Structures are given as C-alpha cells and as structure tokens.
Amino acid sequence: MKKCLLLLFAVCFLIAGCSSNTALPQKRIVPVSESKKYMVGVWLSYSEINAIISDNGLESNLNKVISNLNSISATDIFIHVRAFCDSIYPSKLFPQTEFSNKYNYDIFEYMITKCHENGIRVHAWINPYRVSSATNDINALSDKCLAKSLYNKDVSNIGITENGIYLNPASEQCKKAVVDGIREILDNYAVDGIHFDDYFYPTTAESFDSESYRRYCENTKVPFGLDEYRRANVNSLIAACYTAIKFKDKNITFSISPAADIDKNYSCRYADIKSFCESGCVDLIIPQLYFGFSYPDNNFCFDTLLNRWENELKDTNVKIAVGIASYKVGTNAEPDCEEWHDNTDILSRQCAMCKSDKNICGHIFFSYSSLFSSSAVNIKAREKIK
C-alpha cells in the first residue's frame with residue numbers, strides 16, 4: 001500500500017516534465033547496484049569545495065584530493081553541489097555560488113571528469129529544503145534566489161524558523177523545483193548518483209507550515225494528523241525524485257544519509273526511512289553513525305546503532321553503507337571527547353566492523369578534510385585504517 005501511494009505521488013511530476021536526452025560529457029562508472037566492490041567514500045562539503053577552489057587553485061588542489069582518495073582506495077565521492085538553494089554549477093534554476101563562479105569553465109564538470117578518470121564515482125549531494133542558516137529574514141535573500149520568488153508567489157511556499165529559511169515540504173511548487181533541479185543535473189552531468197543528507201523538516205513547531213496544513217484540512221474529508229501529513233509530504237518528494245532519476249537512467253544511485261536516531265528521524269524530521277526503503281524509492285541508505293564505542297548513552301554506541309539499522313532495513317532490498325565520523329578524531333567536544341581524544345583506533349575498528357559485515361556494502365567518511373588533516377592525531381587514525 002505504501003509503495004502504491006508513494007509511486008502515485010510521483011506521477012504528477014512525470015506529467016509536469018520529463019528529462020530530455022541531452023548528450024552527457026562522458027560515461028558513468030559501474031553503478032553501485034552492479035558493483036561487487038566494497039564502497040569507500042568521502043563527503044566533500046560546500047565549505048571544503050570553497051577551500052579547494054580558492055585562489056584559482058582548483059586543478060592542483062583537486063589533484064591532491066584525488067591522490068588522497070586513491071591512497072585509501074576510495075570508490076565514491078559525494079560532492080556538495082547545492083547546500084542553500086544555490087549551486088556550484090551554472091544553473092537556470094538556482095543562482096551559482098560566488099566562489100564557484102570565478103572560473104571561466106564549469107568546475108563541477110571538471111571535478112566529475114577528473115574523478116572518473118581515476119575510477120571514482122561522483123554523487124551530487126543536495127540539501128533539498130534548506131535555503132539559509134544565516135538569516136530568517138526573507139528580504140535578506142538575493143532577488144535571484146528561487147526561494148524568494150516562490151515566497152512572492154505564495155508566502156506559504158516558504159517555512160521560517162528561528163534558525164533559518166526553508167522550502168516548505170508541503171508546497172507543490174517547491175517539490176517541483178527540487179525535482180526540476182535534479183533533472184537539470186542529470187541532463188547536463190554524468191553523475192553516478194543523487195544524494196540527500198539528513199535535512200528534512202527543520203522543526204516540529206506547528207507554525208512552520210500552519211497555512212499549508214489549514215488549506216489541506218479544509219479540502220480533505222478525512223485529513224491526516226499533522227505528523228502524518230508532514231511524513232506524507234516528504235514521502236511524495238522522495239518518490240518523485242526517485243522516479244525522475246530512474247526515468248533518466250536506472251543505474252543512477254539515489255541515496256539518503258539520515259541521522260543516526262531512527263526514532264527522531266521519524267518523529268521530529270518526519271523522514272520515514274523504513275517507508276522509503278520498503279516502497280523501493282531509494283537505492284542506498286547511509287546512516288550517520290557518528291559515535292564511538294563508549295558513548296555515555298549506550299543506545300548510541302556505534303555497534304548498537306549498526307545493529308539497529310540492519311534490523312530496521314533487513315526486509316528491504318536497499319543497500320546500507322555507514323557514515324563514519326572522521327571529524328571527531330581528537331575532538332574536545334562533549335559528551336564523548338574522552339574516547340575520541342585519547343584513541344586513534346576508533347575509525348579503523350569501525351571500518352573493520354563494517355567490512356566484515358555481509359549486510360554492509362561500504363563506509364563513507366565525514367568529512368574529507370578531517371580524514372586527511374595534517375594533525376598528528378588524525379594522521380595516526382588514518383594510518384591505522386586498512
């Protein structure tokens with residue numbers, strides 16, 4: 001039943017517009033779905049991309065990135081192409097970031113080419129809903145920002161919290177914008193995957209989408225409660241994105257990286273990960289298991305979380321890789337600083353555990369810069385990874 005509903009939600013997006021058969025600049029690598037090789041990857045965030053391309057040093061800096069990736073036998077990289085309703089590539093839908101616009105060529109295409117030449121798959125990493133975490137004033141946004149034009153059409157298209165501005169998951173116009181953005185990437189770039197992280201609903205506050213929910217209730221005989229309504233909105237976006245991706249090429253991987261807490265994903269972010277998987281609307285789940293083996297709350301120890309995610313998804317056909325917290329090496333932050341600060345074998349133990357588990361297809365490090373930090377403790381941790 002869930003599968004039927006999710007696929008039904010997606011149909012309208014296919015009617016609204018289909019991908020063209022635009023020629024791609026190069027062939028893709030063997031897809032995750034067909035590869036028997038264990039995945040080893042990194043997330044490359046927008047701030048890291050900014051650092052890599054600063055001072056017109058993209059070519060030399062990217063060569064260093066690829067050399068580092070080759071040193072750990074990396075198979076995949078998740079490049080943050082849209083972090084705040086913007087893009088690192090020329091787009092007809094989203095304004096290009098200033099730091100990526102100073103080159104006289106397409107830096108994303110260049111990054112894909114260099115990665116593919118070295119046998120590394122490229123996933124386009126997108127935050128589908130986030131517009132700004134720097135302001136909650138819609139007037140502070142650039143006039144070029146898609147979110148501002150959507151707000152001017154209908155204020156309910158945008159959700160605002162104390163901490164930022166977001167596309168409203170309930171808005172059909174916003175859903176279409178996200179799906180159209182994915183189609184644009186697939187039409188112009190030979191990416192191997194489309195990737196979402198854990199940014200879904202940013203709040204549980206009723207005020208966030210109160211106008212949308214009011215309209216929905218007025219026009220529905222037996223409306224969902226607010227929580228189910230919100231989960232249905234996220235479900236419909238996931239189904240529509242999956243449909244658009246597979247319409248273009250069934251071998252392109254659609255992956256999601258949810259937060260480690262399954263219950264919180266469901267109740268606070270309104271992301272029903274198990275439903276995504278049971279409905280067949282995602283290929284790969286990469287839970288962010290950013291904890292050690294001695295976390296103060298035993299429910300969040302790495303091995304406990306790993307077992308819980310495996311049990312949660314055991315009856316689905318979705319592959320599971322594991323997000324690993326290289327950024328915590330040497331940390332002084334509470335509550336688990338003692339374990340991470342004093343030990344350099346946590347990453348190696350976690351990688352070994354994942355590799356020996358037949359239910360796990362890979363591990364992904366967050367993030368690149370922490371994994372390859374020149375700090376002595378980071379170097380020791382990295383050298384222990386086999």
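A disulfide is counted here as a pair of cysteine sulfur atoms within 2.5 Å. The structure is a predicted model, and the exercises below work through some of its features.

**Exercise 1.** Find how many disulfides the structure holds, and work out why Cys277 is not bonded to the cysteine whose sulfur is closest.

*Solution.* Begin with the search of the whole structure, which finds zero disulfides. Next, take the sulfur of Cys277: the closest cysteine sulfur belongs to Cys281 and is 9.7 Å away, and because the cut-off is 2.5 Å, this distance is too far for a bond. Cys337 is likewise in no disulfide, since the nearest cysteine sulfur, that of Cys301, is 15 Å away. Finally, consider exposure: Cys277 is buried, with a relative accessible area of 4%, and Cys337 is buried too, at 15%.

**Exercise 2.** Describe where Lys328 is placed and which residues it is in contact with, leaving aside neighbours within four places in sequence.

*Solution.* First locate Lys328, which belongs to the loop between β10 (319-324) and α12 (337-342). Then list its contacts beyond those neighbours, namely Tyr290, Phe291, Asp336 and Trp340. For Tyr290, the backbone oxygen lies 2.8 Å from a polar atom of the Lys328 side chain. As for exposure, Lys328 has a relative accessible area of 10%, which means that this lysine is buried, the limit being under 20%.

**Exercise 3.** Determine how far helix α6 reaches and how many of its residues are buried.

*Solution.* Helix α6 (residues 172-188) reaches 24 Å from its first C-alpha to its last, close to the 24 Å expected. Twelve of its 17 residues are buried, among them Cys174, Val179 and Asp187. At the start of α6, a side-chain oxygen of Ser171 comes to within 3.3 Å of the backbone nitrogen of Gln173.

Methods
Residues numbered from 1 in each chain as written. Predicted model: local features only at pLDDT ≥ 70, side-chain atom pairs only at ≥ 80, totals over all residues. Heavy atoms only, no water. Helix = DSSP H or I, 4+ residues; strand = E, 2+ residues; numbered from the N terminus. Expected span 1.5 Å × (residues − 1). Buried < 20%, exposed > 50% of the residue type's maximum accessible area, 1.4 Å probe, protein only. Polar contact = N/O pair within 3.5 Å; in protein donor to acceptor, adjacent residues only side chain to side chain. Contact = heavy atoms within 4.5 Å.
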